[in-house]
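Open the structure in your viewer and keep the selection tool at hand. The stops below say what to select next and what is there.

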Amino acid sequence: MKPFLLLFSILVIASASVAQIDRAKVHFADTTEAKKAIIDDLAQPFFSIMMPLEMIAKTADTFLTNDLDQMRQACRQRYQNNVQNFTSEEKDAILWYLDELSAQLNEEYPKLAALDWNFIKLNDQIEGGLPHTRGKYIILSNGVIQFFINSIEKAQKYPNTKNLVMIQVAGLLVHEQLHVFQRYHPGIFDSIYINEFNFFKLKNKPLHPWIASHNVFNPDAPNIDWVKRVIKENDTSYIWPMVAIKDSVEIPKMPDDFMMIGLSLRPDKDSFVVITDSSGLPVYDYLLKIDGYYDGIPLIDRSLLAQEVVFAQEYSTAYHPEEALASLLTTIFGFEHLPLNLMFEDNRRKFQNEADSYKMIFQKFLK
Ligand SMILES: [Zn+2]
């Protein structure tokens, strides 16, 4: 049965005609534009709130000054110095994926499809070379774009790998574009975070010096006021997720020296405070180790993930509700491209039911 299924999926791909994306909707910033855009943090504070360890990690270099303002200024310059022009080969590669995506996006998520695609190219040295978004732009590093190009070559040489390529690369683009959409429509998905994922919003963010020096700002999930209510039997705990720099690392590297943690909070009057240990440091643990943290965050089933490597990458990116939502869309999207022979039948059925129900939720906002 399996060889037949594989053949079937290849035939489906080969016969599907690709609708082309409206080229007017895709824009590649040149270095002049990118230098301006990359330091523009009027709409969303970025450099103005960065702290020393974070700046070292995000630019892969130390600073000669200890003055915070000067450091931030040097940091802006490093970002500017590292923007690049796209080559025509790189533009073609990105357009290839957008063409592949456009029919499905137009049909299933037209509001997302209506959004223009804007890209900036940034050297690998900045932000650990990881894809992210700033303002209306999706920021891609040399390494990521090279991966895009290599993946197209692979898909063309071995057509049966095309589905996986679409999951990895096209899924990544959908994920990032949803972050742009989130930014354009603040609050639009709050009901999902609250009612489905079981988060609530802090009225006042608890302060602590450790947080100030260790918290890393993720431009894709800028609202760090979401807290997860974890209910176990009669016990409720309040877990505040964040990306932080590992303790006692003097020259941190991104992403190796970052950790996704949950800080424990406790209610205090009409707000929350950070629970601290005997030496006054916040009590935290890796999110993966906190029992119940991922409850309610969809399609992130540990037992399934152990078997389905393809989805494993979604796990770590689902640490925060805004990231979890973008990952969910990627997961549904990827699932629909997943070759039948690559998934255990029971898992597929289970995913299908979940995917269908979450797709309906997405379509409420994006159709
Ligand atoms: Zn993301």
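Start with strand β3 and strand β5 (residues 137–141), which pair in the parallel sense over 5 bridges. Helices and strands here are DSSP runs, H or I of at least four residues for helices and E of at least two for strands, numbered from the N terminus. Two strands count as paired if DSSP finds at least two bridges between them. Within this pair, select Leu 122 and its bridge partner in β5, Ser 141.

Before going on, note that this is a predicted model, in which local features need pLDDT of at least 70 and side-chain atom pairs count only at pLDDT 80 or more, while totals for chains, interfaces and linings use all residues. Residues are numbered from 1 along each chain as its sequence is written.

**The other partners of β3**

Add strand β1 (residues 26–28), which runs parallel to β3 and is joined to it by 3 bridges. Here His 27 stands opposite Asn 118 of β3. Next add strand β2 (residues 83–84), which pairs with β3 in the antiparallel sense over 2 bridges. Gln 84 is the residue opposite Lys 121.

**The two faces of β3**

Now select β3 alone, residues 117–122. Is this strand mostly covered or mostly open? It is mostly covered, with 6 of its 6 residues buried. A residue is buried if 20 or more other C-beta atoms lie within 10 Å of its own, exposed if 12 or fewer, and partly exposed in between, with C-beta atoms placed from the backbone. In a regular strand the side chains alternate between the two faces of the sheet. Colour Trp 117, Phe 119 and Lys 121 for one side of β3, and Asn 118, Ile 120 and Leu 122 for the other; all of them are buried.

**The core**

Stay on Ile 120 and show what it touches: Ala 29, Ala 34, Ala 37, Ile 38, Val 83, Tyr 137 and Ile 139, leaving out residues up to four places away in sequence. Contact means that the C-beta atoms of two residues, placed from the backbone, lie within 7 Å.

Ile 120 is also among the residues with the most contacts inside the largest nonpolar core, which has 83 residues; the others are Tyr 97, Phe 119, Val 169, Leu 325 and Leu 329. Such a core is a set of buried Ala, Val, Leu, Ile, Met, Phe, Trp, Tyr and Cys residues joined through C-beta atoms within 7 Å. Select helix α8 (residues 162–184) next, since it gives this core its largest share, 11 residues.

**Stops in the loops**

Go to Ala 43, in the loop between α2 (31–38) and α3 (52–59). Ala 43 counts as exposed because it has 10 C-beta neighbours inside 10 Å. Draw a distance from its C-alpha atom to that of Gly 135: the two are separated by 7.5 Å, although they are 92 residues apart along the chain.

Ala 60 is in the loop between α3 and α4 (68–81). Its phi is near 55°, a positive value in a residue other than glycine. With 19 C-beta neighbours inside 10 Å, Ala 60 counts as partly exposed.

Glu 233, in the loop between β8 (226–232) and β9, also has a positive phi, about 50°, without being a glycine. Glu 233 has 5 C-beta neighbours inside 10 Å and therefore counts as exposed.

End at Pro 255, in the loop between β9 (235–245) and β10 (258–268). The peptide bond leading to it from Met 254 is cis, with omega near 0°.
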